[in-house]
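Work through the exercises below with the structure in view. Try each task before reading its solution.

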Amino acid sequence: MTTEAGTGSLPDASGAGQPVPEADPALVERWRSRGGELVELLSEVRERLGGVAAFRIGPAPAPTVLVTDPEAVQQALARHPDRYVKRSHRARLLVGDGVLSATGEAWKRQRRVLQAQFTGTGMRRYEERIAGAARTTAARWAEYARTGRSFDVRREMHRFALDSIWRSLTGYALDDGTEGQLASVTAVVAALPTLPSDATDAREAVAADLARIDAVARYAIEAARGGAPGPDGPGLLHVLLDAAGAHPEYTEQLIRDELVTLLVAGHETTATTLTWLYLLLDRYPACREQALAAGGDGSAPRRQAVQALVHETLRLYPSAWILPRHAAEAGTLAGYAVEAGSDLLVCPYLTHRDPGLWPDPERFDPRRFTTPDGRPTRPGSYFPFGLGPRACLGAQFALRESTVLLEQLLPAHTVAFDAVPAKAAYGITVQPDGPTTATLRAAHT
């Protein structure tokens, strides 16, 4: 990796730190002329200029600062979150003022309401709901194996993750009708990167999907308010309704926004991670065997090995591949001066693929997470769910979901894909760019 500057640099607005190296405009113009993905530009900027680097697209008064250096990542996300702030989220059209897009004091209040549900005792409340969704999926897969029928792995992972979060929200298993309506969540998330910049036009473009999502949300809220808890007891939705009794800001609209936020955050990223994991096992089949050989069913060593499969998948395809921030005031990152008003792109995708941190970074090797010194110990080297106060609230939920499902599925079947997507699509998440149709083989045959 070189650290040569281009034709300009950010001014040292804070009076401390050296200027951030800035990419030559010709580099950006070459990228623009070939219609490249943003990740291609970011990769080249990082490769040429290092872990804190700047570039300009369009007439913005300040360059955009790319942050991949672990020390700078830690400073931006964990140490100075009030200086490098999160502004409006791209998914705001879908999630409204939910905790994912909220800022300032409103975000702090909403985070406090939900925080206890995703740690310790709160998580144990949802263990059986996750296990129930995993058993339902395992039964479907057993039928696919028995009949030889092909199926879509990505859709299966969406069904499982959506079932898990729906049970956790409402106390009820996901039924086919609700699943069909909530397909609109995935449709809107997929459309977000290409929607018109005008908010009204964007909303109109996905109006039918938003109407279906709102209808499901209204039904779920009314059912939770007016009826007995589901078979698994009260869920996260009941927590939101209880919050409305103590906090007047929890209006009907905010409860809807939090419900949809939890639906989006609770299944989209988990489904994507599990899809990538099976695609990676198709290329590295020995990793499945190594995980199963680590210990018997239900043993701690096997669980650790299965979790390592998930962690290594998240290294290559983090839940959020890019984390935008805004410099509300001047400061320094890893010794570089960042001017107030600058936009930052903190990029776990590139940090996780930095050969200076991760040897042979493109290789899928879960042993990085099970062997001593297998992974870098520098804070900010691995952050698939973000860092600091705005780290993903449901990280433990997602890891538990994935582990429980894999403990059911991995010993029973191997997945044979009809074809493996050759590329990735970089939207809000990193998705396989192509079909994921497959059949199942019985294990060890």
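## Exercise 1: two helices that cross

The axes of H13 and helix H17 (residues 395-409) come within 10 Å and cross at roughly 40°. The model is a predicted one, in which local features need pLDDT of at least 70, side-chain atom pairs count only at pLDDT 80 or more, and totals for chains, interfaces and linings use all residues. Residues are numbered from 1 along each chain as its sequence is written, and side-chain values use heavy atoms, with hydrogens and water left out.

Task: classify the packing of H13 and H17, and list the residues that meet.

Solution.

Step 1. Terms come before the classification. Helices (H or I, at least four residues) and strands (E, at least two) are DSSP runs, numbered from the N terminus. Axes are lines fitted to C-alpha atoms, for helices over the stretch in contact, and angles run from 0 to 180 degrees between N-to-C directions.

Step 2. Angles under 35 degrees count as roughly parallel, over 145 as roughly antiparallel, 65 to 115 as roughly perpendicular and the rest as oblique. H13 and H17 are therefore oblique to each other.

Step 3. H13 passes H17 in a right-handed crossing. A crossing is right-handed if the near helix is turned clockwise from the far one by less than a right angle, and left-handed if anticlockwise.

Step 4. Contact means heavy atoms within 4.5 Å. On the H13 side, Gly266, Thr270, Leu274, Leu277 and Tyr278 take part, and they meet Ala398, Glu401, Ser402, Leu405, Leu406 and Leu409 in H17.

## Exercise 2: a second partner for H17

Task: describe how H7 and H17 cross, and which residues meet.

Solution.

Step 1. The axes of H7 and H17 come within 9 Å, crossing at roughly 35°. This crossing is right-handed.

Step 2. From H7, the residues Glu127, Ile130, Ala131, Ala134, Arg135, Thr137, Ala138 and Trp141 meet H17. Their partners in H17 are Phe397, Arg400, Glu401, Val404, Leu405, Gln408 and Leu409.

## Exercise 3: aromatic pairs

Task: how many aromatic pairs does a search of the whole structure find? Then describe the pair of Trp141 and Tyr278 and the pair of Tyr349 and Tyr426.

Solution.

Step 1. Rings of Phe, Tyr and Trp (its six-membered ring) pair if their centres lie within 6.5 Å; planes under 30 degrees apart count as stacked, over 60 as edge-to-face and the rest as tilted. The search finds twelve aromatic pairs.

Step 2. One of them joins Trp141 and Tyr278, a tilted pair with 5.6 Å centre to centre and 50° between the planes. Trp141 lies in helix H7 (residues 127-147) and Tyr278 in helix H13 (residues 252-283), so this pair ties together parts that are 137 residues apart in sequence. Both Trp141 and Tyr278 are buried, where buried means under 20% relative accessible area, exposed over 50%, and partly exposed in between (1.4 Å probe, protein chains only).

Step 3. Tyr349 and Tyr426 form an edge-to-face pair, 5.5 Å centre to centre with 90° between the planes. Since Tyr349 lies in helix H16 (residues 348-351) and Tyr426 in strand E13 (residues 424-426), the pair ties together parts that are 77 residues apart in sequence. Tyr349 is buried, with a relative accessible area of 7%, whereas Tyr426 is partly exposed at 22%.

Step 4. Ring pairs also link Trp141, Tyr144, Phe151 and Tyr278 into a cluster.

## Exercise 4: the surroundings of Asp257

Task: where is Asp257, is this residue buried or exposed, and what does Asp257 touch?

Solution.

Step 1. Asp257 is in helix H13.

Step 2. Its relative accessibility is 3%, so Asp257 counts as buried.

Step 3. Leaving out residues up to four places away in sequence, Asp257 touches Val95, Gly96, Asp97 and Gly98.

## Exercise 5: positive phi in a loop

Task: compare the settings of Asp360 and Asp373.

Solution.

Step 1. Asp360 has a positive phi of about 50° although it is not a glycine. For Asp373, also not a glycine, phi is positive at about 60°.

Step 2. Asp360 is in the loop between H16 and H17, and Asp373 lies in the loop between H16 and H17 as well.

Step 3. At 44% relative accessibility, Asp360 counts as partly exposed, while Asp373 is exposed, with a relative accessible area of 78%.
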